[in-house]
Amino acid sequence: MSFGFVAFHYPAPEHVEEFVRNCHQVADATRRQPGFLSVGVWVTPDGEAVVTTGTFESEEAFSAAAEVGREMGATPEGLSDLEVRPREVHFLVSR
């Protein structure tokens, strides 16, 4: 059963591009992790939210990749210095 997530991040308008760059750095590191299937970095048309997505072979593979992200300063929980409101993370399992 695959495991995934969709996360909505709300960086301050002046930090959107920096936030997107950071997301791409984490995505590049994630691509090299065992069990990785896909990752995406999106921005809503109004520029209000950065949306990240990812899928992994299992929850364990996601957890291992998330640890790499934490080492880079990215976490599924919390609020970064660039965000103006808490992110919304939704975890998913395939059926």
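# A four-stranded sheet and its two helices

Seven bridges hold β1 and β3 together, and the two strands run antiparallel. Within this pairing, Ala7 has Thr52 of β3 standing opposite. The model in which these strands appear is a predicted one, and the paragraphs below start from this pair of strands and work outwards to the rest of the chain.

On its other pairing, β1, which covers residues 3–11, is joined to β4 by eight bridges, again in the antiparallel sense. Here Gly4 is the residue that stands opposite Leu92 of β4. Strand β3 likewise has a further partner, since β2 and β3 pair over seven bridges and are antiparallel; in that pairing, Ser38 has Thr55 of β3 as its bridge partner. Put together, these pairings give an open sheet of four strands in the order β2-β3-β1-β4, with antiparallel pairing. The edges of the sheet are formed by β2, residues 36–43, and by β4, residues 83–93, each of which pairs on one side only. Between neighbouring strands of this sheet the average turn is 10°, with direction ignored.

The connection between β2 and β3 is a hairpin with six residues between the strands, and within the hairpin Gly47 takes a positive phi near 75°. As for β3 itself, five of its seven residues are buried, so this strand is largely enclosed by the rest of the structure. In a regular strand, side chains alternate between the two faces of the sheet.

Along the sequence, the elements follow the pattern β-α-β-β-α-β, which corresponds to two helices and four strands in the chain. Helix α1, made of residues 16–31, lies across β1, β2, β3 (50–56) and β4, and runs at about 175° to β2. The second helix, α2, spans residues 59–71 and includes Gly69.

Two residues of α1 show how its surroundings vary. Is Arg21 buried or exposed? Arg21, which lies in helix α1, is exposed, because its relative accessible area is 52% and the cut-off for exposed is over 50%. Between the C-alpha atoms of Arg21 and Val41 there are 9.5 Å in space, while the two residues are 20 apart in sequence. Thr30, also placed in helix α1, has a relative accessibility of 8% and therefore counts as buried, the cut-off being under 20%. A polar atom of the Thr30 side chain lies 2.8 Å from the backbone oxygen of Val26. If residues up to four places away in sequence are set aside, Thr30 touches Phe36, Phe56 and Ala65. Of these contacts, Phe36 falls in the range given for β2, and Phe56 in the range given for β3, whereas Ala65 belongs to the range of α2.

In helix α2, Gly69 has a relative accessibility of 6% and so counts as buried. Apart from neighbours within four places in sequence, Gly69 is in contact with Val26 and Ala74, and Val26 lies in the range of residues that make up α1. With respect to Phe8, Gly69 is 61 residues away in sequence and 16 Å away in space, taken from C-alpha to C-alpha.

The sheet offers a further buried residue in His9, which lies in strand β1 and is counted as buried because its relative accessible area is 7%. The side chain of His9 makes a polar contact of 2.9 Å with the side chain of Thr52. Beyond residues up to four places away in sequence, His9 touches Phe19, Glu48, Ala49, Val50, Thr52, Glu83 and Arg87. Thr52, which has a polar contact with His9, is also the residue opposite Ala7 in the pairing of β1 with β3.

Finally, the chain can be considered as a whole. Among contacts with a separation of 6 or more, 66% are between residues 24 or more positions apart. The radius of gyration is 13 Å, which agrees with the value near 12 Å that a compact globule of 95 residues would have. The C-alpha atoms fill a box of roughly 40 × 25 × 20 Å along the principal axes. Of the 95 residues, 34% count as buried, and the chain exposes about 5,800 Å², of which carbon and sulfur atoms supply 55%.

Conventions. Residues are numbered from 1 along each chain as its sequence is written. This is a predicted model: local features need pLDDT of at least 70, side-chain atom pairs count only at pLDDT 80 or more; totals for chains, interfaces and linings use all residues. Side-chain values use heavy atoms; hydrogens and water are left out. Two strands pair if DSSP finds at least two bridges between them. Axes are lines fitted to C-alpha atoms, for helices over the stretch in contact, and angles run from 0 to 180 degrees between N-to-C directions. Contact means heavy atoms within 4.5 Å. The radius of gyration is taken over C-alpha atoms; the globule rule is 2.2 Å times the number of residues to the power 0.38. Buried means under 20% relative accessible area, exposed over 50%, partly exposed in between (1.4 Å probe, protein chains only). Accessible areas come from the Shrake-Rupley method with a 1.4 Å probe; for residues, only the protein chains shown count as cover. A polar contact is a pair of N or O atoms within 3.5 Å; within protein, one must be able to donate a hydrogen and the other to accept it, and residues adjacent in sequence count only if both atoms are side-chain atoms.
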